[in-house]
Each structure stands twice: as structure tokens, then as C-alpha cells.
Amino acid sequence: FEKVTDEAEPSRNGAISGEEINDLRSSMVSNITEPFPIISIPGDSLYLRTGLVFATYLVAIVIPNVQVLISLAGALAGSSTALLIPPMLELALIDHLETKPTVTMSPKLTPLSVQNSSSTSSFRRLCRCDLSGSKFWKKKLKCFILFWVGFVFMLIGAYASLSDIVSIWFSTEEKKDP
């Protein structure tokens with residue numbers, strides 16, 4: 001083991017003594033054996049957790065039937081996973097192939113001048129639908145069509161789920177009144 005310090009200790013050559021190793025081991029064991037380890041996540045706060053619990057409580061009160069809530073989550077998450085994200089990824093790949101055809105390195109290893117050559121997001125490319133001057137124009141057109149058809153189906157599914165939630169909510173209120 002070598003000790004990392006701010007100040008140089010020429011007499012020890014940076015080596016850790018046996019006593020320091022035992023202290024390090026005992027502190028590691030005591031941290032592992034804690035009954036409730038302290039975990040801190042960046043951006044986490046008491047207000048955020050309280051807000052999430054309160055929002056979950058409100059959703060549970062407003063929507064008594066979990067089946068329609070799962071239907072809404074499936075309409076949003078399922079359609080975005082199956083119909084929206086793949087065309088966006090393919091457009092990002094096409095953009096990469098068009099702007100950086102010789103770069104095969106990871107972005108962390110690529111020079112900044114090559115990385116910053118295209119700063120347009122894939123969502124902006126979807127809204128713009130720019131097919132001019134591209135050798136991949138057929139693939140781009142396919143991606144645009146798939147994305148917007150998927151977006152329409154996601155809206156239809158979300159509307160159907162929300163209308164079910166509203167109809168169930170109003171039908172339970174009508175049954176309670178008499």
C-alpha cells in the first residue's frame with residue numbers, strides 16, 4: 001500500500017505502516033457493519049423526498065383503480081420505448097456518420113474540436129426534418145415517419161387511459177351520491 005499525502009515524507013518513502021493498515025481495515029469494517037449506511041445522492045433533499053411521497057399519495061387518492069394507472073404508464077413508457085427512442089437513436093447514429101465519418105473513438109477520447117462540430121439535438125433534428133444533401137435521406141425519412149407515427153399513437157393511448165381514469169372517477173362519485 002502507498003499512502004497519498006499532500007506533504008512529502010522523505011523518511012518513509014510514502015509507505016504505510018502496519019498500524020495505519022489496521023486502522024484503515026477497522027474503519028472499513030465498521031462502515032460495512034453499520035446497520036443503516038448513510039447514502040448521499042447528489043441532488044437529493046428532504047423536500048424532494050417529501051414532495052415525491054406527497055405526489056404518490058395524491059395519485060393513490062385520485063385514482064382508486066390501479067389498473068388504469070398501469071394502462072397510462074404502459075401507454076407512455078411502452079410507446080416511447082418501442083416507437084420513439086429507436087428512431088431518435090438511429091438519427092443520432094446517422095448524424096454521427098455524416099459529420100464524423102472517420103472518427104471511431106469514444107467521445108471521451110475524441111478531441112473537442114471534432115466533438116463540438118454538431119451541437120443540434122436529435123429531437124431538434126426530428127422537428128426540422130432536414131433531408132437535403134444527405135446520402136442517408138431514405139433512412140432519415142423512415143426515422144421521421146416512425147417517430148411521428150409513434151408520437152401520435154402515444155397520444156392516442158394516453159388520451160384513452162386518461163379518459164378511462166376520468167370516467168372511473170366520475171362513475172364512483174355518482175354511485176356514492178344516492
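The side chains of Lys140 and Glu98 meet in a salt bridge, at 3.3 Å from N to O. Lys140 lies in helix H6 and Glu98 in helix H3, so the pair ties together parts that are 42 residues apart in sequence. The model is predicted. The protein chain holds six helices and zero strands.

**Salt bridges**

- The structure holds two salt bridges.
- Besides Lys140 and Glu98, the side chains of Glu90 and Lys142 meet in a salt bridge, with 3.4 Å from N to O.
- This pair links distant parts of the chain, with Glu90 in helix H3 and Lys142 in helix H6, 52 residues apart.
- Is Lys140 buried or exposed? Lys140 counts as buried because its relative accessibility is 10%, and the cut-off for buried is under 20%.
- Its partner Glu98 counts as partly exposed, at 29% relative accessibility.
- In the other bridge, Glu90 is partly exposed at 24% relative accessibility.
- Lys142 is also partly exposed, with a relative accessible area of 39%.
- Side chains of opposite charge can pair when their charged atoms come close.

**Nonpolar core**

- Which residues make up the largest nonpolar core? Five residues do: Ile63, Val68, Leu72, Ala158 and Ile165.
- Helix H3 (66-99) and helix H6 (137-176) each supply at least two residues of this core.
- Ala158 is in contact with Leu72, Ala75 and Leu76, leaving aside its neighbours within four places in sequence.
- In soluble globular proteins, nonpolar side chains tend to be buried together.

**Helix H3 at Ser71**

- Ser71 is found in helix H3.
- Ser71 counts as partly exposed, because its relative accessibility is 33% and the partly exposed class runs between the 20% and 50% cut-offs.
- The C-alpha atoms of Ser71 and Ala160 are separated by 9.1 Å.
- Along the chain, Ser71 and Ala160 are 89 residues apart.

**Aromatic residues in helix H6**

- A search of the whole structure finds three aromatic pairs.
- One of them is Phe147 with Phe151, which is stacked. Their centres are 6.3 Å apart, with 15 degrees between the planes.
- Phe147 and Phe151 both lie in helix H6, four residues apart, about one turn of the helix.
- Trp148 and Phe151 also form an aromatic pair, this one edge-to-face. The centre-to-centre distance is 5.6 Å, with 80 degrees between the planes.
- Trp148 and Phe151 both lie in helix H6, three residues apart, about one turn of the helix.
- Phe147, Trp148 and Phe151 form one aromatic cluster.
- Which of these residues are buried, and which partly exposed? Phe147 is buried, with a relative accessible area of 3%.
- Phe151 counts as partly exposed, at 29% relative accessibility.
- Trp148 counts as partly exposed too, at 35% relative accessibility.

**Whole chain**

- Along the sequence, the protein chain follows the pattern α-α-α-α-α-α.
- Buried residues make up 16% of the 178 residues in the protein chain.
- The accessible surface of the protein chain comes to about 14,000 Å². Carbon and sulfur atoms account for 66% of that surface.
- Take contacts in the protein chain between residues at least 6 apart in sequence: 56% of them join residues at least 24 apart.

**Confidence**

- The protein chain averages a pLDDT of 75. At least 70 is scored by 58% of the residues.
- Which element has the lowest mean pLDDT? Among the elements of the protein chain, helix H4 (residues 112-115) has the lowest, at 50.
- Helix H2 (residues 46-62) has the highest mean pLDDT, at 91.
- Over residues 6-10, pLDDT stays under 50. For these residues the model has one contact beyond four places in sequence.
- Where pLDDT is low, the predicted coordinates should not be read in detail.

Technical notes:
Residues are numbered from 1 along each chain as its sequence is written. Side-chain values use heavy atoms; hydrogens and water are left out. A nonpolar core is a set of buried Ala, Val, Leu, Ile, Met, Phe, Trp, Tyr and Cys residues joined through side-chain atoms within 4.5 Å. Buried means under 20% relative accessible area, exposed over 50%, partly exposed in between (1.4 Å probe, protein chains only). Contact means heavy atoms within 4.5 Å. Accessible areas come from the Shrake-Rupley method with a 1.4 Å probe; for residues, only the protein chains shown count as cover. Rings of Phe, Tyr and Trp (its six-membered ring) pair if their centres lie within 6.5 Å; planes under 30 degrees apart count as stacked, over 60 as edge-to-face and the rest as tilted. pLDDT is the predictor's confidence in each residue, from 0 to 100. A salt bridge is a side-chain nitrogen of Lys or Arg within 4 Å of a carboxyl oxygen of Asp or Glu.
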